[in-house]
Structures are given as structure tokens and as C-alpha cells.
Amino acid sequence: MNRRIVILISLLCILFHACSTGDGDIPTYIVERGNFQHVLRVDGVVEPVKVTTVACPQRVEGLITFLVDEGTWVEEGDTLCVLESVGLQSEYENGLLILQQYEMELVKLLASNKMNNALLESQFLTNEAENKIASLDSLQLKYMPPAQRKIRELELEVVALQRKKLEQKLKVTPVIQRTEVSRLNAQIQYIKRHLEEGEEMLASLTILAPRKGLAMRAESVFSSEKLKVGDNVWNGLSVIIMPDMEKMKVKIFAPESDFNAINEKDSVTYIFDAMPDSRAFGRITKKSKTWKPIARGSNVKVYDIEASLDSLTAMPDPGFTVTCNILLRELKDTVFIPQIALFSEDSIKAVYVKDKKGFEMRQVVTGLSSNKEVVIAAGLSGGEEIAFIRPKESQVTDRVLLPDSVVRKYEKGVGDSAAQQEKKDSIKSGNGGVNGGHGNGRGGDGSAAVGGRDSGSGNANTGNTGGRTGGGPDGGTNGGARGNRSNANRTINN
């Protein structure tokens with residue numbers, strides 16, 4: 001990592017030097033062997049592996065009137081959030097009024113029943129007295145005239161009927177009264193139960209901490225911003241997140257191109273923005289195929305990636321932003337150079353190696369690459385001093401080409417995915433076919449390089465022009481051009 005920082009600083013110095021000087025000096029770089037690493041740098045945020053979610057109570061919709069500050073340490077029972085629900089409060093108050101009305105109706109019914117019972121009892125006593133008087137009069141019936149006796153007998157029958165009616169009424173009236181009272185009591189109990197539920201719901205508008213810990217505001221469902229006072233929340237919506245501080249993970253939001261390059265189990269090195277001196281290591285643990293816009297209204301997609309925090313010097317707090325250096329590929333003990341030092345010359349890749357008189361153009365074969373560096377599979381061995389800027393023609397003292405067999409070896413090599421992809425691209429472009437043509441070189445026939453890119457390379461030992469006729473559209477042109485300068489070139493073996 002330190003070596004890459006040095007390279008980056010050197011490149012900046014080179015660009016400044018090139019822009020500020022005009023004496024033709026060419027900045028150079030000493031090639032060294034080392035471990036090539038293709039590292040992808042993305043941003044992430046620290047999240048807890050386990051959390052306690054404090055949500056809006058069930059069947060409640062309210063407005064946040066108080067919300068604990070982000071990152072506040074709370075104890076069990078501390079107030080986290082206070083909600084205001086106008087509808088719930090109004091419903092509870094209406095329930096109280098209805099309960100009061102039913103309770104008043106019950107009192108009125110009990111008083112009415114008491115009065116009716118007293119009146120009925122009085123009627124029964126009166127009837128009983130009349131019945132006794134009639135019994136006394138019945139002794140005199142035999143002394144009365146027939147007509148008067150008949151009238152008196154009918155009066156006695158009426159008194160008896162009234163007595164039976166009152167006795168029946170005394171039996172039925174209490175049953176009716178108890179039924180009416182029970183009905184009112186049932187309605188009152190029903191209302192009271194609902195009022196108790198309302199009281200519990202009103203009490204739940206004050207949300208308390210279920211345990212001690214760090215309180216973090218949840219994100220709004222309408223945006224990626226944290227909840228704030230004045231926001232609406234409802235049934236089961238997360239309000240406060242209380243992380244378990246013992247174990248953390250990193251959530252990465254990667255654009256599609258980076259998401260496709262990253263694989264599970266890739267190793268990650270973390271640098272925390274709030275703790276620049278602290279380092280941590282982990283691996284990619286999960287890739288989610290679901291995406292979301294990077295910002296509201298944006299067409300740029302980002303995908304969720306989770307990474308572990310396996311080894312660290314200090315535990316970061318949730319919400320800390322972090323720079324994630326993801327190791328995509330690594331090649332140990334190899335030669336690699338900055339991308340800026342690699343040039344394209346007549347359909348080949350080359351570097352300019354400094355010698356005593358100037359610079360030698362040397363063909364190279366590349367392997368793995370990153371945005372800043374590229375592996376040199378053939379053409380350099382380490383220790384060479386190469387140019388960052390293409391020298392002038394007058395500064396080039398020699399041109400060194402690789403044998404076609406060496407080029408084919410590395411471009412067709414198993415496992416060199418970068419070279420394989422380059423080969424496919426070259427064939428698709430039509431710049432000569434495989435075994436593109438034949439020419440006179442070294443006193444015999446020589447086959448063109450893959451894709452026709454080495455067509456026409458000559459042999460310095462024989463001094464003969466090695467022009468070849470390429471099999472592709474550009475084969476003949478490149479063959480003639482390179483054959484004409486073959487006397488000035490020499491072939492090196494890797």
C-alpha cells in the first residue's frame with residue numbers, strides 16, 4: 001500500500017514537472033518486482049450485526065413531538081420518543097362521554113325500579129286489606145237480597161283477580177328489572193374495556209427504552225434521511241434502532257460496475273474516517289441482488305454488499321463512515337508498472353527503457369491490470385528504468401521486439417484472463433486473423449502473431465527485410481512498415 005502511495009505522489013510530481021519545464025527531460029521510474037494487487041476502493045458505513053428495533057405501537061398513527069438525539073446513550077425506561085395522535089385522543093374522550101351517559105342511565109333505572117317496586121308493594125298490601133274486608137262481608141251474603149248478594153259476589157271475585165295479578169307482577173317485575181340492569185352494566189363494561197385499551201394506547205405514545213444502550217434514529221420511509229420531530233409514523237414503523245455494540249459489520253453501497261467485480265470472500269481492509277489511525281480487516285460476506293437509486297430521483301443504481309469486521313484495533317461506533325479497500329486479485333512476486341508508463345506502438349504494447357544514449361523501445365506482454373497498474377508478463381524482469389512520457393523519435397536509440405512464440409505463449413496462456421480478453425478484442429476488431437500471413441524473415445517463412453499485431457517483424461541477425469503479408473485488413477500495411485525497419489530492430493528472448 002505504501003509503495004502505491006509513493007507511486008501516486010511520484011506521478012503527481014512528474015505531471016507538475018512536465019508542465020513546468022521545457023528542457024525535454026523525461027521523468028522515469030525504476031521497475032521492481034513485488035506483489036501486484038488489484039484493489040477496489042469503495043465507501044461504506046458501519047452497522048451492528050444485531051439490533052433492537054423500537055417501533056411505533058400497533059394500531060397507532062401519530063406525529064413525532066419528541067425524539068431522542070442521534071447517538072444518545074440511554075438507560076432502560078428512558079423516554080426515546082413521544083407521539084401525538086389527535087384521532088386516538090378524540091376517540092378516548094368520546095368514549096368517556098358515552099360511559100358517563102350509560103352510568104347516568106343505570107342510576108336512573110335503579111331509582112325507577114326502586115320506586116316501581118315500592119308502588120307495587122303498596123298495591124299488593126292494599127289488595128290484601130281489601131281481600132280481608134271482602135272475607136268479612138262474605139259472612140253477610142246469606143242475609144242479603146239476591147240481587148245485592150250477586151253484586152257483592154262479583155266484587156269479591158274482582159278483588160281475588162287483582163290479588164293474582166299483583167302476585168304475578170311481583171314475580172315478573174324483578175326479572176325484567178335485573179335484565180335491564182344487566183344490559184346496561186354489560187354496555188358499561190364494554191366501554192370501560194375499550195377505554196382501558198385507549199389508555200394503554202395513549203400511554204404507548206410515550207416510547208421507552210427496552211434496555212440500556214446507544215439510541216440511533218431510524219431512517220424515514222420517504223427518504224434516506226433520519227427521522228425527526230414533525231414526521232409521521234404509524235403501525236409497526238421503526239423509530240429507534242439500538243445496536244448491539246459487541247459486533248459490527250460494514251454495509252457497502254456499490255455501483256453496478258463495482259458490484260459485478262466484487263466476489264464473496266474477497267478480503268477487505270478498512271480505514272475509518274473518524275479513526276484514521278485505526279485499521280481493520282474482514283471479508284465480503286453477502287451480495288444482494290436488489291438495488292436502489294443512489295439518491296432520490298437518480299437513475300444510478302447501487303447494490304447492497306455486506307462485509308465482516310474480523311480483526312480490528314478499536315471497535316468503531318455504528319454510523320461511522322469507512323473507506324473499504326477490496327482486494328479483487330493478487331499476483332505475488334511479479335513485475336508491474338504504472339499504467340501511465342505503458343504505450344501503444346504499431347499495434348503492440350511497449351515501454352521505453354532508459355540506456356546510456358537515450359531510450360530503447362521494448363515490446364512487452366501484459367497480464368492482470370488495475371486502474372493504476374499493469375502486470376508485465378514478458379519484456380521486463382525488474383531493475384529497468386522506464387519513461388513516463390513517450391520520448392521524441394531522436395531520443396529512441398533502439399527497438400526491441402519479442403519473438404512471436406513468446407507473445408503467443410502468454411496471450412494463449414491458461415489463467416491469464418486479461419490477455420485472453422485482449423486476444424478476443426483484437427480478433428473481433430479485424431486487425432488481422434490468427435496466423436494472419438507469411439513473409440520472408442530469417443531466410444524462411446515466419447507466422448504472424450495472434451491478431452496480426454506482430455505481422456512483418458524482421459530479423460536483425462540476417463539483415464533481411466521480414467515483411468509479411470498479414471491475413472487481416474491491416475496485416476499487409478503493418479507487415480511492410482515493420483519489415484522496413486527490421487534492420488534497426490533486434491529480437492530478444494524472454
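## A walk through the pocket, sheets and rings

The lining of the largest pocket splits into 17 nonpolar, eight polar and ten charged residues. Keep in mind as you look around that this is a predicted model. The space inside that pocket comes to about 1100 Å³, and 35 residues line the pocket. If you want to find its centre, look for Glu 47, Glu 219, Ser 224, Phe 253 and Lys 292, the lining residues that lie nearest to that point.

Who supplies the walls? Strand S2 (33–48) gives the largest share of the lining, with six residues. Other elements that put two or more residues into the lining include S3, S8 and strand S10 (238–243). Further along the chain, strand S11 (248–255), strand S13 (275–293), strand S14 (301–308) and strand S16 (321–338) also belong to the group giving two or more.

Now for the sheets. As a reminder, strands of a sheet pair through backbone hydrogen bonds, either parallel or antiparallel. One open sheet here has four strands in the order S3-S10-S8-S5, with antiparallel pairing. At its edges sit strand S3 (51–55) and strand S5 (72–74), each of which pairs on one side only. From one strand to the next, the twist averages 35°. Zoom in on the S5 end and you'll find three bridges between S5 and strand S8 (residues 213–217), running antiparallel. Val 74 has Gly 213 as its bridge partner in S8.

For a parallel pairing, move over to strand S19 (residues 359–363), which is joined to S23 by four bridges. Within this pairing, Arg 362 stands opposite Val 400 of S23. Strand S23 itself (residues 396–401) is mostly covered, with five of its six residues buried.

The rings are worth a stop too. There are six aromatic pairs in the model. In one of them, Tyr 270 and Phe 272 have ring centres 6.5 Å apart and planes at 20°, so this pair counts as stacked. Are these two residues buried or exposed? Tyr 270 is buried because its relative accessibility is 0%, and Phe 272 is buried as well, at 1%. Phe 343 and Tyr 352 make an edge-to-face aromatic pair, with 5.5 Å from centre to centre and 65° between the planes. Both Phe 343 and Tyr 352 are buried.

Last, a couple of backbone oddities in the loops. Lys 265 is not a glycine, yet it has a positive phi of about 80°. You'll find Lys 265 in the loop between helix H4 (256–261) and strand S12 (267–272). With a relative accessible area of 65%, Lys 265 is above the 50% cut-off and therefore exposed. Ser 347 is another non-glycine residue with a positive phi, here about 70°. Its place is the loop between strand S17 (343–345) and strand S18 (348–354). Why does Ser 347 count as partly exposed? Its relative accessible area is 43%, which falls between the 20% limit for buried and the 50% limit for exposed.

Terms used. Residues numbered from 1 in each chain as written. Predicted model: local features only at pLDDT ≥ 70, side-chain atom pairs only at ≥ 80, totals over all residues. Heavy atoms only, no water. Buried < 20%, exposed > 50% of the residue type's maximum accessible area, 1.4 Å probe, protein only. Pairing = 2+ DSSP bridges. Axes fitted to C-alpha atoms, helices over the stretch in contact; angles between N-to-C directions. 1 Å grid on protein atoms, 1.4 Å probe; cavity = no way out; pocket = protein on both sides within 12 Å on 5 of 7 lines; lining within 4 Å. Points joined across faces, edges and corners; volume = space filled by probe spheres on them. Nonpolar A, V, L, I, M, F, W, Y, C, P; charged D, E, K, R; others polar. Phe/Tyr/Trp six-rings, centres within 6.5 Å; stacked < 30°, edge-to-face > 60°.
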